[in-house]
Amino acid sequence: MNLVIRPFQPADLPSLQRITIESFAGISLDQTIEAQFGEQHGHDWRWRKARHILIETERNPAGAFVAEVDGSIVGFITTQLDREAGSGRIANLAVVAELRGRGLGRQLIEHALAWFRGEGLGFALIESMAHNEVGRGLYASVGFSEIGQLVHFAMKL
Ligand SMILES: CC(C)(COP(=O)(O)OP(=O)(O)OC[C@H]1O[C@@H](n2cnc3c(N)ncnc32)[C@H](O)[C@@H]1OP(=O)(O)O)[C@@H](O)C(=O)NCCC(=O)NCCS
């Protein structure tokens with residue numbers, strides 16, 4: 001497999017958003033909210049999830065990376081930095097379904113962690129939905145420790 005992990009470019013955004021929508025069905029917090037409360041403000045969970053990727057890549061384009069196999073985008077990772085606090089957070093990560101289980105997700109995380117170190121950060125953070133076993137297994141195996149569980153609440157106004 002001819003894998004290249006390269007910096008994000010603005011033209012990649014539609015591909016990243018498409019992979020996000022395909023990958024997060026069933027594991028997106030926005031989808032859970034929608035299932036309980038219905039569509040919010042005329043936008044469905046796909047729009048909201050795609051919007052996260054827009055916001056993350058606008059805020060920190062240098063901290064987003066794209067995995068390409070034979071010239072096609074097959075995965076990505078986005079990050080957010082708090083330089084004062086010395087920490088980096090992995091915001092979103094996805095690999096197309098056909099190429100999962102071949103180490104791409106791990107390589108994207110290692111790439112982001114190496115970039116964090118190069119930026120002088122001393123701490124990395126990541127979150128996962130409790131029921132997302134792939135994410136939880138993967139994060140522990142690259143060295144993250146579970147530090148707590150967050151419960152999300154939502155209400156309609
Ligand atoms: C999470 C995701 C990016 C992983 O990508 P990937 O390329 O399949 O990951 P890798 O091949 O590098 O997998 C590495 C590890 O994932 C874990 N893993 C893979 N499949 C798993 C499964 N079905 N159940 C539990 N853990 C699993 C294992 O710990 C594996 O480690 P190993 O190399 O020791 O077997 C991919 O599954 C994905 O896009 N999922 C949908 C979106 C998502 O969940 N994103 C993360 C949000 S929290």
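This note goes through the fold, the strand pairing, the nonpolar core and the ligand shell of a predicted model.

1. Overall make-up. The protein contains 5 helices and 5 strands. Read from the N terminus, these elements follow the order β-α-α-α-β-β-β-α-β-α.

2. Size. The C-alpha trace spans about 45 × 35 × 30 Å along its principal axes. The radius of gyration is 16 Å, which agrees with the value near 15 Å for a compact globule, because that is what 157 residues would give. As for burial, 27% of the 157 residues count as buried.

3. Contacts along the chain. Take the contacts in the protein with a separation of 6 or more: 60% of them are between residues 24 or more positions apart.

4. Strands 1 and 2. Strand 1 covers residues 3-7 and runs antiparallel to strand 2, with 5 bridges joining the two. One of the paired residues is L3, whose bridge partner in strand 2 is V69.

5. Strands 2 and 3. Strand 2 (65-69) and strand 3 (72-82) are also antiparallel and are joined by 5 bridges. Among the paired positions, A67 has G75 as its bridge partner in strand 3, and V66 has F76. The two strands form a hairpin with 2 residues between them. D70 lies in that turn and has a positive phi of about 50 degrees.

6. Strands 3 and 4. These strands pair in the antiparallel sense over 8 bridges. L81 is bridged to G88 in strand 4. Here too there is a hairpin, with 4 residues between the strands. G86 in this hairpin takes a positive phi near 70 degrees.

7. Nonpolar core. The largest nonpolar core has 23 residues, and F65, F76, I77, L108, I109 and A112 are those with the most contacts inside it. At least two core residues come from each of helix 1 (13-23), helix 3 (45-59), strand 2, strand 3, strand 4 and helix 4. Helix 4 gives the largest share, 6 residues.

8. A112 as an example. Which residues does A112 touch, not counting those up to four places away in sequence? They are F65, I77, T79 and I90. Of the residues named here, F65 and I77 also appear among those with the most contacts inside the core. F65 lies in strand 2, and I77 in strand 3.

9. Ligand shell. The ligand is surrounded by 21 residues, the closest being R100, G105, R106, G135 and G137. Three elements give two or more residues to this shell: strand 4 (87-95), helix 4 (104-118) and helix 5 (133-141). By class, the shell has 8 nonpolar, 9 polar and 4 charged residues.

10. Which element supplies the largest share of the shell around the ligand? It is helix 5, with 6 residues. G135 and G137, listed with the closest residues, fall within helix 5. G105 and R106, also on that list, fall within helix 4.

11. Shared elements. Strand 4 and helix 4 each give two or more residues to the ligand shell, and each also supplies at least two residues of the largest nonpolar core. Strand 4 is in addition the antiparallel partner of strand 3.

Terms used:
Residues are numbered from 1 along each chain as its sequence is written. This is a predicted model: local features need pLDDT of at least 70, side-chain atom pairs count only at pLDDT 80 or more; totals for chains, interfaces and linings use all residues. A residue is near a molecule or strand if its C-beta atom, placed from the backbone, lies within 6 Å of it. Ala, Val, Leu, Ile, Met, Phe, Trp, Tyr, Cys and Pro count as nonpolar, Asp, Glu, Lys and Arg as charged, and the others, Gly among them, as polar. A nonpolar core is a set of buried Ala, Val, Leu, Ile, Met, Phe, Trp, Tyr and Cys residues joined through C-beta atoms within 7 Å. A residue is buried if 20 or more other C-beta atoms lie within 10 Å of its own, exposed if 12 or fewer, and partly exposed in between; C-beta atoms are placed from the backbone. Two residues are in contact if their C-beta atoms, placed from the backbone, lie within 7 Å. Two strands pair if DSSP finds at least two bridges between them. The radius of gyration is taken over C-alpha atoms; the globule rule is 2.2 Å times the number of residues to the power 0.38.
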